[in-house]
Amino acid sequence: MQKTALLSVSDKTGIVEFAQFLQTKNYRITSTGGTYKHLKDNGIQVIEVSNITNFPEILDGRVKTLHPNIHGGILARRSNSSDMQTLADKNISTIDMVVVNLYPFFENADKELELSELAEFIDIGGPTMLRAAAKSFFDVIVITDINDYDKIRQEIENQNDTSLETRKYLAAKVFNLTSAYDAAIAQSLSNEKFMPYYTISYKKKMDLRYGENPHQSAAFYENTIASGALKNFTQIQGKDLSFNNIRDLDIAWKVVSEFDETACCAVKHSTPCGVALDENLAKAYQKAYDCDPISIFGGIVAFNKKLDKAAAKKCNEIFLEIVVAPDFDNEALEILSEKKNLRVIKAAHLPQDKIQLVQVDGGLLVQDSDWDFSRNFQTVTEKSVSESQKEDLIFALKVIKHVKSNAIVVAKNRQALGVGTGETNRIWAAKQAIERAMEKETEGLVLASDAFFPFRDVVDFAAEKGITAIIQPGGSMRDKESIDAANEHNIPMIFSGMRHFLH
């Protein structure tokens, strides 16, 4: 008995060869619009869908497959005698294979199109046919991915049909695609930040060797409708990226992107372990290295300017997992290529994520990304900061946005010298940062805190160790105690008015 395949594709890669194969297996080919013309022009015997529906395409092709002769042929249950009798009574033939890929909404959603133009890339007939065929997977083969042509060809060649397991797999791919497609459309059209249902649209970019640990499997997905630093990067050399590499790469790139000045950041285990600014790239690296020469080993290093030969030489002095920059001199690439496993990443875009997601057991936390940075500084002490102290405090505050709470950063001359991170109370984070900084420098240090001081103990300890200026958001019921302590120690303190927790 002859079977019918309906082919309607926007991506015509391989469709002629697949149609030729189907004809050798006694499939009748029917198609629509551009696909019909493409197949016919390439010598395929093909029936136009309008000959099956007995109704011409209308509304510039918006309506062509939305018809009982199409959907009846797809949705009829072959094992249901009533369904099959209905088809016979209405003279409707079964449709046994549906091959459809969708209008390119993903590819056009992030372009600067008028809303009316963008709406034309919303596919209606395609998803409807796909969903119908996927629902009928017991009887219908549905293909939406051109990479599945060979799999289906081989299976039909070998056993003259596809297995139920294969058809179920293909149906799952359809609903996976259409849910992402609909989510992308919803995100593009809505101005509401937190809609009643949180739908996301990401496409797998690569499988990863494993997750945070070897026993965890993992993959990396990229946003289907928005650009971003880790969607548009180029890996120039080195081993494949791992789960932890990508997380650390994201943080390192975000830190250096905070600055217009030449910046270098080293990250280890999702935490900045060295950050510095300098007009000279190699010096910026050296200052970042000096913050924590032990932790930077095996870490990720990011620069926000084109990497030159001198900085590349510095990077090659120790083992690093990744070096990332917006561009590289040829000489720098030649030097870095001496370490074959070193991953060299060219970042094409600044960070652009507007939303942060945190999965919890049974739910999802969604919030704005922390891109805001307060300039509404208020001096709350009798003594004011000097201009150089203010520069260092602003530098430390930009760094601290990317340090796990509780977080303290101690800096001097636009160089992080001590990073206290992830402690369960603020005084421990302060002691950690100050003591690490004092191993390298004892004079002129400033301190930034990601959140307010619940007690005066941080100010007292900072004064004891010679900290010369402090910035914190303020907002504690005991702010006055910290202010009084700063005044007693003659330390200027600024309130930024903005907290930067990072849990």
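This is a guided tour of one protein model, moving from the whole chain to a few places worth selecting one by one.

**The whole chain**

Begin with everything displayed, and keep in mind throughout that the model is predicted. If you colour by secondary structure, the elements to look for are 18 helices and 21 strands. The radius of gyration is 30 Å, well over the 23 Å that the globule rule gives for 503 residues, so the protein is more spread out than a compact globule. Turn the C-alpha trace along its principal axes, and the spans come to about 95 × 55 × 45 Å.

Now switch on the surface, where about 25,100 Å² is exposed and carbon and sulfur atoms supply 48% of that area. Of the 503 residues, 48% are buried. Among the contacts with a separation of 6 or more, 54% are between residues 24 or more positions apart in the sequence. If you colour the charged side chains, you will have 58 positive and 69 negative ones, with the centres of the two sets lying 3 Å apart.

**Strand β19 and its partners**

Next, select residues 446-449, which form strand β19. Which way do the side chains of β19 point? Val 446 and Ala 448 point one way, while Leu 447 and Ser 449 point the other way, and all of these residues are buried. This is a pattern to remember, because in a regular strand the side chains alternate between the two faces of the sheet.

Add residues 408-412, strand β17, which runs antiparallel to β19 and is joined to it by 4 bridges. One pairing to pick out is that of Ala 411, whose bridge partner in β19 is Val 446. Then add residues 469-472, strand β20, which pairs with β19 in the parallel sense over 3 bridges. Here Val 446 appears again, this time standing opposite Ala 469 in β20.

**Helix α17 and its cover**

Keep the strands on screen and select residues 457-464, helix α17, in which Val 458, Val 459, Phe 461, Ala 462 and Ala 463 are buried. What covers these buried residues of α17? The cover includes the helices α16 (426-438) and α18 (479-488), together with the strands β19, β20 and β21 (493-495). Following α17 you come to Gly 466, whose phi is positive, near 90 degrees.

**Pro 473, beyond β20**

Move along to Pro 473, in the loop between β20 and α18. Is Pro 473 buried or exposed? Its relative accessible area is 7%, and since buried means under 20%, Pro 473 counts as buried. Show the residues around it, leaving aside the neighbours within four places in sequence, and the contacts of Pro 473 include Ser 449, Asp 450, Ala 451 and Phe 452, as well as Phe 495, Ser 496 and Gly 497. For a distance to check in the viewer, take Lys 404, which is 69 residues away from Pro 473 in sequence and 16 Å away in space, C-alpha to C-alpha.

**Backbone details in three loops**

Select Ser 405 and Asn 406 and look at the peptide bond that joins them, which is cis, with omega about -10 degrees. Asn 406 belongs to the loop between α15 (387-400) and β17.

Now go to Asn 490, in the loop between α18 and β21, where phi is near 60 degrees, a positive value in a residue other than glycine. Asn 91 likewise is not a glycine and has a positive phi, of about 60 degrees. You will find Asn 91 in the loop between α5 (81-90) and β4 (97-101), and at 71% relative accessibility this residue counts as exposed.

**Two last stops**

Select Asn 304, in the loop between β11 (300-303) and α13 (309-315), which counts as buried at 12% relative accessibility. Its contacts, leaving aside neighbours within four places in sequence, include Trp 253, Val 256, Phe 259, Asp 260 and Pro 326. Trp 253 is 51 residues from Asn 304 in sequence, and their C-alpha atoms are 7.7 Å apart in space.

Finish at Glu 165, in helix α10 (residues 164-189), an exposed residue with a relative accessible area of 53%. Draw a line from the C-alpha of Glu 165 to that of Gln 237, and you join two residues that are 72 positions apart in sequence and 39 Å apart in space.

Definitions and conventions. Residues are numbered from 1 along each chain as its sequence is written. This is a predicted model: local features need pLDDT of at least 70, side-chain atom pairs count only at pLDDT 80 or more; totals for chains, interfaces and linings use all residues. Side-chain values use heavy atoms; hydrogens and water are left out. Helices (H or I, at least four residues) and strands (E, at least two) are DSSP runs, numbered from the N terminus. The radius of gyration is taken over C-alpha atoms; the globule rule is 2.2 Å times the number of residues to the power 0.38. Buried means under 20% relative accessible area, exposed over 50%, partly exposed in between (1.4 Å probe, protein chains only). Contact means heavy atoms within 4.5 Å. Accessible areas come from the Shrake-Rupley method with a 1.4 Å probe; for residues, only the protein chains shown count as cover. Lys and Arg count as positive and Asp and Glu as negative; His and the chain ends are not counted. The place of a charge is taken as NZ of Lys, CZ of Arg, CG of Asp or CD of Glu. Two strands pair if DSSP finds at least two bridges between them.
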